[in-house]
Amino acid sequence: MTLRAKAQREDIGLGQSGAIGVQALPQFRKRLIGRGALVRQTVARLQKGRLLTLVGYGGVGKTSVALAAGAVWERLAQTEVLFLDLARISDADFLWTTILATLGVTPLGDPRETVLRLLADRSTLILLDNCEHVAAGLAGAVSAILEHAPAVRVLATSREALRIADEELIRVGPLSVPVTTTGLRAADVAKHSAVELLIERISERNPEFVMADANALAAANLCRRLDGIPLAIEFAAARVAATAIDDVIEQLARRFELLADTNLPESNRHAGLLAVLDWSYGFLTPLEQSILRTASAFSSDFEADDVVALTPRTLPQAMVGAALNGLLAKSMIQEAAPGRLRMLETTRAYALQKLDAAGNRRETFDALSRHVLQRLRDAHGSDRGTTLALWDRLRSDAAATLEWTLRGDGDPNCGIDIVAEALPTWLLLSEISRYSGELDAAIAAIHAFAPERRADELQFEFSRSIALYFVRGPNQEGINCGKRAFGIAVDTNMLDKQLDTAWNLHAQTSHWGDHRDALFFARRYLETAKRLGDPVLINQGWRVITRGYDDLGHHRRAEQIFRKIVQPNAGATARPVTSWGADEKIIRICMDSRVHWFAGRQDISLEIGAHAVEVGENEGQAHTFCWMLAQHVIPMVLWAGATERAGHYLSILIDIASHHFENWATWGEMLRETIDVIAGGRPSLRLVERIRTSWPQRQDLFATLHDSLACSEALARAEQPARQCWSTPDLLRLGGKRAVLAGEVERGTSLIRRSLLLAEDRGNLPSAFLARRTLEEMDPR
């Protein structure tokens, strides 16, 4: 009985096998997707060797590839192909009688001798399917066949190698899935074989199904969550045909119940993912089972040493390594990179269930939490590259341990420690906003379990303040977090923390538009720096004071301090990026450009601004760079009328902000619309509303970019002497122009004159020039 080649092309339709070879042979009924190259490779290897094993994970499609290759081989070589499904034989000795039954021969005497005699002169390909459970005993039988029948070849499928002399292996991996999760279109995802299989199988059940851009991302995510395993995708397609893709994704927490064929008996090894994994798990040694359960704690790639750290110290490292090698050989884990291992999401979900059943989740995840903490502590003093590489590897496991320790059943103190150790890296990566939830949980854990850890509470409140700022921009909640942190620093007399928190409050209140508060905290910063006696910090303190005076509109005073104290000692700044993540080098260059601008030296200011952008692109800290572009360099370039250059800088801002900062991304969108307005367009209702509902500083800045963007709140604030700041002269002038247009000539003229006097008094030459020109235009004499 031979396997008939029903397909003559690469995409061969396949059916399901019988229980053992004596029953109905597999019938080709569906297109084989994404395996053409693998089928060709299999046939080519069979031409060169006589024993080839397809090795891979359960449900990955080894049988389908073997059947397709057998069909091609039968057609090309004009030889018979004997298919034997060994899933239900319990002993390799039954191989002989199974071959005879497949050939339709009644055994006379010893089955082994009968088979060897029958095959001796035959040109045959024997396809042995599902060999893993009899692999040990199969070696002798296959070796005997190859020795006594020189024209016979053997193609086997197994979850591990048969370990027979001259055996060659081909690993059958998952189907391809989209790697990216953004900007996916239907045409893009359909190029990946896993998604192609999903689409085709859904369409078979629901002809009205259409893969559109709207559900492309969901399809990609589902295939990724299913690890590109064809059997899992087949089961999922049956569910999607009756519901939406997103609904199936939401139910993946119970994937083993969801992804099953209820028409097949539970004993069938392909009745569902659970049956597939039960089959594989049952053939692991007790130690391999234990190590698989332990390794399921890792949510990303791991190394052998990581697993050792989670196992009892009484278990020798060599035994752990041997168990991992066994799991790798049996396709229960995969090699992610040289020296690094990974577990498919489906395997991990199964192993976690087994971990729970064994009652070992607590001890395993407690061990993982301690391991992550130790890895972070071991990295102290490492260079930037090493620190970032370590965090990239620990990111997923750190998230899992923080969930376990701060929101689950783990040790809250360990979670607090992990947050404390990870904070510098989060700041370095400008990712503090990404972990705001973890900061909230850590603060709650301190209040509930460790009230004595005030230093950690301070650091977390401080970092939460920064996180809120990174996401929303300046906001009162973030400022209040900063004030709580500052209060703890003062109460506990931690001078270094007083320095950090004072700087944070200076920056946030300044960006909000409360410039008097900002100068107050700038002075507290300088006072603390002087108490510490550090010349670098003192110089930074004077730089902060410079910014405080500049924001209040005292530009002459600001330039005097900057030129006489800050700039001459700039070379003493040995720490260009401060402990709180501010890039002092960029800030100083920006400040230099700003004082030149208000002093009327426009060309010099723009040249220094261009240098600041160059420095920021090459070596700048991301958040500080975005701040400089959005609030300083781009506005100054627009004030100068250089809209083309502003557009270039804006593209840089949007690119960086889109990866890190919601706040600066919003700035980018608003500035892009503003450039369109400057070019002659009308402000959109969206832009006008965004400005109106913004904080004072942003309202003020956009008012200076174009007359039509000056909201009534900003204009009213400018008339209040207690709220005067750097933008007040321009806002008074704009308010005056509007009053004149409304027929209030006397009031309008008065406001413009106030603008001129204030600008001249404070040393704001560009604003003085604009006010003077406006008055001249009103009085052509």
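This section describes aromatic contacts, a buried strand and the cysteines of a predicted model.

Aromatic side chains in the predicted model form 14 aromatic pairs. In one of these, the ring centres of phenylalanine 486 and phenylalanine 521 are separated by 5.7 Å and the ring planes meet at 85 degrees, so the arrangement is classed as edge-to-face, the threshold for that class being an angle over 60 degrees. Because phenylalanine 486 belongs to helix H22 (residues 476-491) and phenylalanine 521 to helix H24 (residues 515-532), the contact ties together parts of the chain that are 35 residues apart in sequence. Phenylalanine 486 and phenylalanine 521 are both buried.

A further group of rings is made up of Tyr469, Trp664, Trp667 and Phe702, which form one aromatic cluster. Tryptophan 667, a member of that cluster, also has arginine 698 lying over its face, at 5.3 Å from the ring centre. The charged end of arginine 698 is likewise placed over the ring of tryptophan 695, at 4.1 Å from the centre of that ring. Arginine 698 thus sits over the ring of tryptophan 667 and over that of tryptophan 695.

Strand S4 (residues 80-85) is largely enclosed by the rest of the structure, because six of its six residues are buried. In a regular strand, side chains alternate between the two faces of the sheet. In S4, Glu80, Leu82 and Leu84 point one way, whereas Val81, Phe83 and Asp85 point the other way, and the residues of both sets are buried. The buried positions of S4 therefore include the acidic residues Glu80 and Asp85 as well as Leu82, Leu84, Val81 and Phe83. Strand S4 is joined by six bridges to strand S5 (residues 124-129), and the two strands run parallel. Within this pairing, aspartate 85 of S4 has aspartate 129 of S5 as its bridge partner.

With regard to the cysteines, the structure holds zero disulfides. A disulfide is a covalent bond between the sulfur atoms of two cysteines, and the cut-off applied here requires the sulfur atoms to lie within 2.5 Å. For cysteine 590, the closest cysteine sulfur is that of cysteine 626, at 13 Å, which is too far for a bond. Cysteine 590 is buried, its relative accessible area being 3%. Cysteine 725 is likewise in no disulfide, as the nearest cysteine sulfur, belonging to cysteine 711, is 12 Å away. Cysteine 725 also counts as buried, with a relative accessibility of 4%.

Methods:
Residues are numbered from 1 along each chain as its sequence is written. This is a predicted model: local features need pLDDT of at least 70, side-chain atom pairs count only at pLDDT 80 or more; totals for chains, interfaces and linings use all residues. Side-chain values use heavy atoms; hydrogens and water are left out. Rings of Phe, Tyr and Trp (its six-membered ring) pair if their centres lie within 6.5 Å; planes under 30 degrees apart count as stacked, over 60 as edge-to-face and the rest as tilted. Helices (H or I, at least four residues) and strands (E, at least two) are DSSP runs, numbered from the N terminus. Buried means under 20% relative accessible area, exposed over 50%, partly exposed in between (1.4 Å probe, protein chains only). A charge sits over a ring if NZ of Lys or CZ of Arg is within 6 Å of the ring centre and within 35 degrees of the ring normal. Two strands pair if DSSP finds at least two bridges between them.
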